[in-house]
Amino acid sequence: MITAIFVMAAIGLLLGGILGWASIKFRVEDDPLVEKIDAILPQTQCGQCGFPGCKPYAEAIAKGEADINQCPPGGAEGVKRLAELLGVEAKPLGEGLEPKPKSVAVIDENTCIGCTLCIQACPVDAIVGAAKQMHVIVASQCTGCELCLPPCPVDCISMQVIKEDVLTWKWRYPIHMMKRAA
Amino acid sequence: MENYLLLLIGTVFVNNIVLSKILGLCPFMGVSRKLETAISMGAATTFVLTLASGASYLIDTYLLGQELSYLRTLSFIVVIAGIVGFTEMFIKKTSPVLFRVLGIYLPLITTNCAVLGIPLLNVREQHNFIESLFYGLGGALGFSLVLVLFAAMRERLEAADAPTPFKGVSIAMITAGLMSLAFMGFAGLIR
Amino acid sequence: MSRKLFTFNGGVHPDGHKAVSNATPIRAMSLLPHYVVPMRQHIGAPARPMVSIGDQVLRGQMIGAAEGYVSTAVHAPTSGRVVAIDARAVPHPSGLFDLAVVIEADGEDQALEFQPLDWRNLDPSALRNRIRDMGLAGLGGAVFPSFIKLNPGAQKIHTLILNGAECEPWITCDDRLMRERAAEIVRGIEVMRHALGCRTTLIGIEDNKPEALAAMRAAVPADMEVVSVPTLYPGGGGKQLTYTLTGVETPTGGRSTDVGIQVFNMGTAYSLYRSVELGEPLISRVVTVTGHVAQAGNFDVRIGTPLKDLLAAAGGALPGASGEIVGGPMMGFDLMDSAAPVTKAVNCLIVKNPKLFPTKPIELSCIRCGECARACPADLQPFEMYWYSRAKDFGRAQSYNLFDCIECGCCSFVCPSHIPLVDYFRFAKAEIWEREREKYSADQARIRHEFKTFRLEREKQEKADKFAKAAEKSREAAASGADVVADPDAEKKKAILQAALERAKKAKEAVTPKNTDNLPPMVQKEIDEIEARRSKVEGNTESQARHE
Amino acid sequence: MIGSPYIFGRNSTSLVMLKVMLALIPGIAAHAWFFGPGIWVSLLLCSAFALGFETLILLLRGLPLKPFLSDNSALLTAWLLALSLPTLAPWWLYAVGMLFAIVVAKQLYGGIGQNLFNPAMVGYAALIVSFPVYMTQWPAPIALADHALTIVDAFDVVFAGQGAISPDAYTSATVLDTWKTQVRLGTPVETILAQPMFGWAGGLAGRLGGQEIVALMYFVGGLALLSIRLITWHIPLAFLIGVAATAGVLHLIDPTQHASPLLHLLSGGVMLGAFFIATDPVSAASTPRGKLIYAVMAGFLVAIIRAFGSYPDGVAFAVLLMNMCVPFIDHFTQPRVFGHTRTAAKDAK
C-alpha cells in the first residue's frame with residue numbers, strides 16, 4: 001500500500017514538475033482569437049446581437065459567453081464561417097434574428113431639423129452635418145445598422161433597400177432543373 | 001530490424017487501430033472536417049502516443065513490476081494526461097489557431113481510447129521497450145493515415161448531394177465503415 | 001518563312017457557321033430616327049454626360065467625357081437633338097437599364113469638322129490623350145480603353161500582336177474587315193507601333209479565313225508578319241493567342257504587358273486609323289448579324305443603333321426564331337430587350353432557332369470524367385471548381401484557381417452531363433467579389449467605428465480634465481476670497497450661476513458636430529446643394545407667410 | 001437562368017456508360033464460351049436488382065426516374081459486379097451484392113457522381129467478407145466440368161439451389177485459388193502449372209482453361225475504350241505495370257512461392273480492373289499525375305494481397321483502398337495552371 005502511494009506520488013510529482021516548467025516556458029499572453037472573430041463579423045455595429053458593437057460580441061464569442069448565431073447582418077454565411085473558425089457545428093440564426101436586405105439610411109431633407117442626435121448615434125460617423133443644419137448620410141459609409149432611426153425626434157430617417165445596378169449585378173446560381181421542389 | 005518493420009507495417013495497415021480495432025473513433029469523427037486540421041491532429045496524436053507507449057512501458061516494467069500491476073491503468077492514465085497537458089501547452093504557444101481548431105479534441109487525446117489502448121496492448125503482447133515504441137508509433141501512424149485520408153474524403157463529401165437524413169456525420173460514419181471494409185483486404189498479410 | 005507555333009492545352013472545335021455571314025460585303029445602314037448612346041460602354045468608370053436635354057449635337061461631337069483614368073469618351077453618332085438622358089436598356093446579361101443619352105436624329109447627319117492628326121510628329125502622351133478623347137476602346141469584347149493599352153509605361157513592349165483569330169463560331173466581322181479594309185488596318189497598326197515603340201508585330205489569323213489571310217499578307221509591310229494559326233476555340237483569347245504565337249504564358253493575375261507583349265483587336269486597329277488619320281471618333285463599328293435571319297451579313301453600324309433596327313436592316317428574323325444572342329455562342333449572352341443599342345463591345349447579333357441552338361438537355365450529376373479538364377485552355381480542373389461552387393464552398397472553389405478561368409465555355413461545351421459549368425463559375429466569382437466588397441466596407445466601418453470610440457473617449461477625457469481644472473480654480477478662488485468676501489449668500493448665487501454656465505457650455509459642446517471637417521469634396525458639395533435647396537424652401541415658406 | 005455557351009457537344013453520360021458496356025461484350029462472350037451460360041443469368045439478375053434498387057431509392061428521394069435510370073450507370077455497375085462474382089451462385093447473393101453496390105455505396109452518397117468508392121467493388125468486398133464460401137465456388141471450364149449446364153440448368157441452380165446436380169459437378173477453384181492452396185500445401189510449381197486450367201493448354205476449342213482468353217478479351221475491349229478516348233492511358237498502364245512489377249520482383253525472389261507476372265496479369269480481375277474498374281472516373285483520381293500514383297499503388301496492392309493476404313484476388317480491395325486515397329492524391333497533385341509558375345503558386349499559398 002505504502003509503495004503504491006509512493007509510486008503514484010512520484011509519478012505525479014515528476015509530471016507536475018514537467019507541466020509546471022512547460023507552463024512557464026510556453027506561456028501565451030493574449031488571445032488573437034478575438035481579432036479573428038471580429039474579422040468575420042460584418043462591422044455594422046448594429047447591436048442586434050445584444051452587445052454594444054461587433055468587437056464586444058467577438059470577445060463574448062471568444063469567451064464562450066455568446067452563441068455564434070446572433071448576428072443577422074452576417075447571415076447564415078457568417079455563422080458558417082464562425083463555425084468553421086471555431087470548429088463547431090453551424091446552426092441557423094437565433095430566434096427573431098432574420099437578416100434584412102442590405103439597405104442604407106436616407107434623411108428626408110425637408111423634415112430634418114438639424115438636431116445632431118443621429119450624428120451621435122451613428123457608430124461609424126457616416127452622418128455629416130452641423131447643428132440646425134441639414135444632415136446627410138454618406139451612403140457608401142452607411143452600414144445600415146438603423147441605430148439612427150430611434151433618436152430622430154421628427155422621424156425623418158428611413159431605410160432604403162440598395163437596388164441592383166449593372167455594376168453590382170451578380171450572376172445567379174444556375175437552376176438545377178433536376179431538383180423537384182421538395 | 002525486419003521484425004520491427006513488420007510490426008510497424010502490421011500496426012499501420014493490417015491491425016489498423018481505427019479501422020480494425022475500432023479504437024479512437026471520437027477524434028476520428030471529430031477532427032476530420034478539414035485536411036489541415038487532420039494532419040495536425042495526426043501529428044499531435046503521433047507525438048503523444050509514441051511518448052506514452054515508451055513512458056508507460058518504463059513505468060510498467062521498472063516502477064510497477066508484478067506486484068503493483070493493479071496500478072497499471074491508473075498510472076498509464078496519469079502519464080498520458082501529463083503528456084497531453086504538455087502537448088497542449090506546446091501547441092497553444094506555437095500555433096494558437098491550431099489550438100483553437102483542435103479545440104476540445106486536444107485535451108480529449110487523454111481520453112482517446114487508442115492512446116490508452118496501445119500501452120495496455122503493449123503489456124498484453126509482452127513487447128519489449130523498442131517494440132513498445134514501434135507499436136505506439138505504428139498505431140499512431142495508422143491513426144494519422146486514416147484520419148488524413150478520411151479528412152480529404154470528407155472535404156469532398158461535404159459538397160456531395162447525399163439524401164438529407166444521411167448528410168454530415170451519418171454519411172461520414174458509413175464512409176468509415178466502407179474504409180474498414182477496404183482495410184479488411186489487408187487481412188492475413190502479417191499475422 | 002514559317003513561324004514556330006505553340007499549342008495550348010485544351011480547346012474545342014465547335015461548328016464555325018462562318019459562311020452564313022462572311023460571303024457578302026460589309027453593308028452600310030440607313031439613318032435611324034433615334035440613337036441610344038450608353039455612357040458605360042467600356043471597362044472602368046462610365047463617361048460623364050456633357051450635354052443636356054434639348055441640346056443640338058453634331059456627328060462626332062463628344063457627349064460623354066472620360067471620368068477618371070480608366071475611362072474613355074463617348075460621341076454622338078449623328079447630328080440631332082438630345083431628347084433624353086436617363087436609364088435605358090443596354091446590352092448586358094442582367095437586362096438592367098443603365099444611363100444613356102438618347103439622340104433624335106435631324107436627318108442631316110452633319111459632322112463636326114474632323115481634324116486629321118500628324119501622329120508621327122506628336123508626343124506619345126499627346127497622342128494618347130487624343131485617342132482617349134476619340135473614345136477608343138478594345139472592340140474585341142473586353143472594351144478596355146485603348147489609350148491605356150497604348151501606354152508602354154514602365155514595361156518595355158517588344159511585341160505587338162494583332163488579334164484577327166476570331167475563334168468564336170458565327171462571328172465574321174473581323175474577317176470581312178480584314179478582307180475589305182486591310183490597308184486601313186495596317187495604317188492603324190502603324191500608329192500602335194509608334195505609340196508602343198515595339199519592334200516585332202505579329203498578326204494572328206485563324207486558318208479558316210484564307211481570304212482575310214491573303215488580304216492582310218498583301219497589305220502589310222515587310223516588318224509585320226501575318227501568321228496563320230490553327231483553328232481551335234478559344235485560340236483568339238488574348239492569352240491563348242499570345243501563347244500560340246510566342247510561347248509566352250501571361251502570368252496569372254497579370255497582363256500580357258508584364259511579359260512585354262501587347263494585344264489588340266483588328267477592329268480596334270481600324271478604328272484607330274479612322275480616329276487618328278481621319279480624325280473621326282469611334283462612332284461606328286462592324287457588327288455581324290447572323291443565324292436565323294433573312295439576309296445575314298456584316299454591317300457598318302453607328303454606336304447607339306437599337307439592336308431591333310439592326311436586325312430589321314438584315315431583313316429581320318425568320319419565322320420560328322427563338323431569341324437573340326449578343327456576341328458569340330460560346331461567350332455571348334441572351335438579349336433581354338431588343339431596344340438595347342449597339343455599343344463598342346457588341347460584335348455580333350445571332351438570331352436563334354431551336355434547330356441551330358437546341359435547348360440544353362437537363363443537367364445531370366458530374367461523373368468526374370475529366371473531359372472539362374482536358375478541354376480547359378487554362379489547364380484548370382473545372383469539375384473540382386464546379387463541385388465546390390455548386391456547394392457554395394467558395395473558399396475551396398477559389399483554391400482551385402477559379403479566378404484563372406476565362407469563362408470561354410469549353411468545359412460546358414464538352415460536358416457529357418450537360419452541366420452549365422461556366423454559369424457556376426460566374427456565380428461563384430460574383431459571390432466572391434461581393435464578399436470582397438463586403439469585407440472592404442466592413443473593414444472601413446471597423447476603422448471608422450474604432451475612431452469614433454477613440455474620439456468619444458478622448459473628448460470625455462478632455463472634458464474631465466477641464467472640469468477638474470475649473471474646480472481647482474474655483475476652490476483656489478474660494479480659499480483666497482474666503483476672508484475677503486463675507487457675504488455667503490452672494491457666494492452661493494455665484495456658484496449656482498457658474499454651474500448653470502458650465503452646463504450650458506457642456507450642452508453646447510455636445511451638440512457641436514465634430515465631423516464636418518475634412519469632408520470629401522463630393523459630400524461637401526452634396527451638403528451645400530441640399531442646404532441651398534432647403535434655404536430656398538424656407539425662403540419660400542417665409543415669403544408666403546409674409547404675403548399672408 | 002443559364003447563360004453561354006449556347007452550343008454543346010453531342011456527348012452524354014448515358015452514351016459514355018453505354019460505350020463502356022459495349023466494350024465489355026467481348027469479355028462476356030468469351031466468358032460464356034468457356035464457363036457456360038451461367039454468366040447470362042448473373043448479368044440478368046444483377047441488372048434487374050440494380051435497376052430495382054435504383055428505382056426504389058429514387059422514389060424514396062422523390063427524384064425523377066427517367067433521367068437517372070436512363071443514364072445507364074446502374075446497369076454498368078451491375079455488369080461489373082456480375083463479371084466479378086462467381087456465376088451460378090444463389091440469387092440472393094447477387095441481391096445482397098447489388099444492395100451494397102447501389103444503395104450503400106452509391107445512393108446514400110447522393111447517387112451518380114457523388115460516391116467515393118467504386119460501387120461494384122463495395123458490393124464485391126461486402127460479399128467476399130460475408131460469404132467467402134459462395135465466393136470461391138466458380139464454375140469450372142466447360143470441358144473440365146463433369147456436367148455441362150444448359151441455361152435452364154443455370155436458372156435452376158441459381159434460384160432453386162443445387163437441385164438435382166451436385167455443385168461439385170460444375171464448380172472448381174479458380175486459377176488463383178488453386179495456386180494459393182497448392183503452394184501452401186507445398187506442391188511443386190511444375191505440378192501446379194501442369195493442371196489443365198493453367199496456361200494456354202485450354203485453348204479455344206478445348207474449353208479447358210480460358211481465363212487468359214477472357215482476360216485478353218477484356219484487354220481488347222479496354223483498347224477500344226482507349227482508342228475512342230473514353231479513358232486515358234494513365235490508369236490502365238500504371239495499374240498493369242504496378243501488378244507486373246510487384247509480381248515480377250516477388251517471382252524473382254522466390255519462384256516457388258510466387259507466380260509469374262504473366263499469370264497474374266491474365267488471371268482474376270486484373271484486366272477487368274485495369275480497364276473497367278479502376279478507370280471508373282467517379283472514384284478514381286482525376287489529375288494525370290494522380291492517376292499514375294493511384295493506379296500504380298492499386299496494382300502494387302493487388303499483387304501484395306494476392307501474394308500475402310488471405311483473399312485469393314485483391315483487385316476489389318486494392319481499388320477500394322486506393323479510392324480512399326483519391327481525394328488526398330487529387331489534393332496534392334493539382335496540375336500547373338496556365339500562367340502560373342511553380343514558385344509563384346507556392347508564394348501565393
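In chain A, the C-alpha centres of domain 1 and domain 2 sit 21 Å apart. Everything here comes from a predicted model, so treat this as a quick tour of what that model shows, chain by chain.

**Chain A: two domains**
- The domain assignment splits chain A into domain 1 (33-86) and domain 2 (101-182).
- Where the two meet, domain 1 of chain A puts in six residues and domain 2 of chain A puts in seven residues.
- On the domain 1 side of that contact in chain A, the count by class is one nonpolar, five polar and no charged residues.

**Chain B against chain A**
- Chain B brings 19 residues to its contact with chain A, and chain A answers with 17 residues.
- On the chain B side, helix H3 (35-64), helix H4 (72-94) and helix H5 (96-102) are the elements that give two or more residues.
- H4(B) is the top contributor to that side, with 10 residues.
- Sorted by class, the chain B side that touches chain A has 12 nonpolar, four polar and three charged residues.

**Chain C: helix H5**
- Helix H5 of chain C covers residues 210-219, and its buried residues are C:Ala212, C:Leu213, C:Ala215 and C:Met216.
- Looking down the axis of H5(C), those buried residues fall within an arc of 165 degrees, so they line one face of the helix.
- Flip to the other side of H5(C) and you find C:Pro210 and C:Ala218, which are exposed.
- What lies over the buried residues of H5(C)? The cover includes two helices of chain C, helix H3 (173-180) and helix H4 (182-196), along with strand S9 (159-164), strand S10 (200-206) and strand S11 (225-229) of chain C.

**Chain C: a four-stranded sheet**
- Chain C also has an open sheet of four strands, in the order S2-S8-S7-S4, and the pairing is antiparallel.
- Its edge strands are strand S2 (34-38) and strand S4 (56-57) of chain C, each of which pairs on one side only.
- As background, strands of a sheet pair through backbone hydrogen bonds, either parallel or antiparallel.
- Between S2(C) and strand S8 (residues 97-105) of chain C there are five bridges, and these two strands run antiparallel.
- For a specific pair to look up, take C:His34, whose bridge partner in S8(C) is C:Glu104.

**Chain D: two domains**
- Chain D divides into domain 1 (11-172) and domain 2 (208-333).
- Their C-alpha centres lie 21 Å apart.
- The contact between them involves 28 residues of domain 1 of chain D and 27 residues of domain 2 of chain D.
- On the domain 1 side of chain D, helix H1 (13-35), helix H4 (73-84) and helix H6 (119-130) each supply at least two residues.
- H1(D) has the largest share of that side, at 11 residues.
- By class, the domain 1 side in chain D comes out as 21 nonpolar, six polar and one charged residues.

**Chain D: a look at D:Ala160**
- D:Ala160 is part of helix H8 (residues 151-160) of chain D.
- Buried or exposed? D:Ala160 counts as exposed, because it has 11 C-beta neighbours inside 10 Å, and the cut-off for exposed is 12 or fewer.
- D:Ala160 and D:Pro90 are 70 residues apart in sequence, yet their C-alpha atoms are 8.0 Å apart in space.

Terms used: Residues are numbered from 1 along each chain as its sequence is written. Chains are lettered from A and ligands numbered from 1 in the order in which they are written. This is a predicted model: local features need pLDDT of at least 70, side-chain atom pairs count only at pLDDT 80 or more; totals for chains, interfaces and linings use all residues. Domain bounds come from an automatic or database domain assignment. Ala, Val, Leu, Ile, Met, Phe, Trp, Tyr, Cys and Pro count as nonpolar, Asp, Glu, Lys and Arg as charged, and the others, Gly among them, as polar. A residue is buried if 20 or more other C-beta atoms lie within 10 Å of its own, exposed if 12 or fewer, and partly exposed in between; C-beta atoms are placed from the backbone. The arc is that of the directions from the helix axis to the C-beta atoms. Two strands pair if DSSP finds at least two bridges between them.
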